Amino acid sequence: MTRWFYLDRELDKILGDYVVIKAEEDGVSIIGLTRGKDTKFHHTEKLDKGELLIAQFTENTSAIKIRGKAKVLCRHGEISSGE
């Protein structure tokens with residue numbers, strides 16, 4: 001039983017929650033924020049209109065900040081930013 005639990009946790013790391021971010025304008029900034037005692041920026045991306053970024057929350061990433069007009073698709077539905 002422990003072995004299956006371990007495999008499930010490993011699969012969760014690989015197949016965990018993803019979000020799709022689609023830029024609705026040029027210059028949309030995507031910023032990954034760390035977990036832990038102090039929240040810090042750890043990754044940034046710039047997207048132009050029509051570009052997609054597929055992102056995942058991980059052991060290191062606890063939040064994603066979006067600046068600009070974009071659509072975010074996740075298991076909870078679709079959300080728009082920058083309106």
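Lysine 69 touches Ala23, Glu24, Glu25, Val28, Ser81, Gly82 and Glu83, leaving aside residues up to four places away in sequence; touching, or contact, means heavy atoms within 4.5 Å. One of these partners, glutamate 24, is 45 residues apart from lysine 69 along the chain, yet their C-alpha atoms are separated by 5.3 Å. Lysine 69 sits in the loop between β5 and β6 (70-74). Because its relative accessibility is 35%, lysine 69 counts as partly exposed (buried is under 20% relative accessible area, exposed over 50%, partly exposed in between, with a 1.4 Å probe and protein chains only).

A word on what you are looking at: this is a predicted model, in which local features need pLDDT of at least 70 and side-chain atom pairs count only at pLDDT 80 or more, while totals for chains, interfaces and linings use all residues. Residues are numbered from 1 along each chain as its sequence is written, and side-chain values use heavy atoms, with hydrogens and water left out.

Now for the whole protein. It has 1 helix and 7 strands, in the order α-β-β-β-β-β-β-β from the N terminus; helices (H or I, at least four residues) and strands (E, at least two) are DSSP runs, numbered from the N terminus. Of its 83 residues, 23% count as buried. Among contacts between residues at least 6 apart in sequence, 61% join residues at least 24 apart.

Three of the strands form an open sheet in the order β3-β2-β5, with antiparallel pairing (two strands pair if DSSP finds at least two bridges between them). β3 and β5 are at the edges with a single partner strand each, so one side of each has no neighbour in the sheet. β2 and β3 pair over 6 bridges, and glycine 32 has histidine 43 in β3 as its bridge partner.

Glycine 32 and His43 also help to line the largest pocket, an open set of points on a 1 Å grid over the protein atoms alone, where a 1.4 Å probe fits, with protein on both sides within 12 Å along at least five of seven lines; lining residues have an atom within 4 Å of a point. The table sums up this pocket.

| Feature of the largest pocket | Value |
|---|---|
| Volume (space filled by probe spheres set on the points, which are joined across faces, edges and corners) | about 170 Å³ |
| Strands each supplying at least two lining residues | β2 (28-34), β3 (41-47), β4 (52-56) and β5 (61-67) |
| Largest share of the lining | 4 residues, from β4 |

Among the lining residues are Ile30, Glu45, Leu53 and Thr61.
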